[in-house]
Amino acid sequence: MEMKMTDLSEEILIRLTGKGSPTGSILQRLAYYLNQALDNKLQLSWKSSSSPSSSSLSSEAAMNYEIAFNAFYQILPFGRFAHFASNSVIMEALNKEEKGIIVIHIVDFDFDKGVQWPPIIQALSSTKRVFKLTIVKFEGEEGSSSKRVLYEYAKTFGVKLEIEEMGMEKLGMKMKKNERNEWLAFNCMVGLPHMRKRRSVSDVIEFLKIAKSSISSNFNQGTITFGDGIGWGKGVKLKESVSYGSIFEGQLSQFEAFLESIDTHFPHEIMREARIAIECLFLVPYICSLIDPRMWEDISRESRGLSEIGLKGLRMTEENVGEAKELVKEGESYFWVNIEGLKHNQMVLGYKGTPLIKVSSWR
């Protein structure tokens, strides 16, 4: 596909058709999902008759979305790790600031279901500070229905919570007017496995530019956390000259690691039904992005854009790393946690030899 050899791509796809199955081994499932993604990309007229279509599986899985989401988030550490790493950075940076801070203002790039913020609410329960949460609202999308749950949770802990939604343009204008007693945190989570929507790189870069400008104009009070689940996969480094093929191989190994971790960590009694639902709802978007030749360009633009913004890395503490290792049960499972980056400001979650999630802290 990188060399635009469409006929050969179609022939390979035909050979893969009989080898994939959504209920088979890891490699069979990998072949099946890759087949479906390529099938949609190339818009071929033939369909596999040996297994159900991915669209019908996804439709059936969508009926159990809430159950599947809760199981995926609670049993596997992907989302919990990213949220823990980000929240740890936010609370640690906040505790170092002046005691005159009255309002804790967090700006969330992708609120999703809001599951990241209950620990922050609980941590603020012993203070009289106001928790202000600004949610970025993207054009054409409805407001989040999860706000009510957060309001109720905050009420339980006696925390005054204020939530506001706004578009990126309005956010850029509003963040120029900050109060001295307001402490800022910008949280950007992109492509985590439990998040069904993939945001554009241009939106990510715009958000981070607003974040840097706002913190600079707010007496440098605040921090920026960036979680990336659209990683480079095994063996691909930022300094290398990358092509679509090399990114594809790395991402394919990443998707395989996700599938293997599900097989290893899900209880056998709910294995088959839960696994199919979770793979269709949360992991298939990963492999669908693999077959887009523009993907590597987006990843390259993202890495360049981050460096061009001029963000300064904030070091992750050994204490937070140790707690993250406990969270993913390092030593008892195949998951591991490492610190990377020149400033030791990036915490990485991996499975066996493959990095999966990266969370970094900046100012």
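Helix α5 (residues 78-95) has 18 residues, and at 1.5 Å a residue it should span 26 Å; its end C-alpha atoms are 26 Å apart, which agrees. The expected span is 1.5 Å times one less than the number of residues. Helices (H or I, at least four residues) and strands (E, at least two) are DSSP runs, numbered from the N terminus. The model is predicted: local features need pLDDT of at least 70 and side-chain atom pairs pLDDT 80 or more, while totals for chains, interfaces and linings use all residues. Residues are numbered from 1 along each chain as its sequence is written, and side-chain values use heavy atoms, with hydrogens and water left out.

Of the 18 residues of α5, 15 are buried, so the helix is largely enclosed by the rest of the structure. Buried means under 20% relative accessible area, exposed over 50%, and partly exposed in between (1.4 Å probe, protein chains only).

An open sheet of eight strands follows the order β3-β2-β1-β4-β5-β8-β7-β6. Its pairing is mixed. Strands β3 (161-166) and β6 (335-340) are the edges, and each pairs on one side only. Neighbouring strands are turned by 15° against each other on average, direction ignored. Axes for such angles are lines fitted to C-alpha atoms, for helices over the stretch in contact; angles run from 0 to 180 degrees between N-to-C directions. Two strands pair if DSSP finds at least two bridges between them.

At the β3 edge, six bridges link β3 to strand β2 (residues 130-136) in the parallel sense. Here Thr-134 has Glu-164 of β3 as its bridge partner.

Strand β5 (residues 222-228) is largely enclosed by the rest of the structure, because seven of its seven residues are buried. In a regular strand the side chains alternate between the two faces of the sheet. In β5, Gly-222, Ile-224, Phe-226 and Asp-228 point one way. Thr-223, Thr-225 and Gly-227 point the other way, and all are buried. Strand β4 (residues 182-190) runs parallel to β5 and is joined to it by seven bridges. Phe-186 stands opposite Ile-224 of β5. With strand β8 (residues 354-362), β5 pairs in the antiparallel sense over five bridges. In that pair, Phe-226 stands opposite Ser-360 of β8.

Two loop residues other than glycine have positive phi values. Asp-112 has a phi near 55°. Asp-112 lies in the loop between β1 (103-108) and α6 (118-123). Its relative accessible area is 27%, so Asp-112 is partly exposed. For Lys-352, phi is about 55°. Lys-352 is placed in the loop between β7 (346-351) and β8. At 38% relative accessibility, Lys-352 also counts as partly exposed.

On the surface, Met-3, Met-5, Leu-8 and Ile-12 make a nonpolar patch of about 410 Å². Patches are made of residues with over 30% relative accessible area and no salt bridge; like charges are joined within 9 Å, and nonpolar side chains (Val, Leu, Ile, Met, Phe, Trp, Tyr) within 5 Å. A salt bridge is a side-chain nitrogen of Lys or Arg within 4 Å of a carboxyl oxygen of Asp or Glu. Ile-12 belongs to helix α1 (residues 6-17). With 46% relative accessibility, Ile-12 counts as partly exposed.

Lys-155 is found in helix α7 (residues 147-156). Lys-155 is exposed, with a relative accessible area of 65%. Its C-alpha atom is separated by 9.6 Å from that of Ile-121, 34 residues apart along the chain.

How values were computed:
Accessible areas come from the Shrake-Rupley method with a 1.4 Å probe; for residues, only the protein chains shown count as cover.
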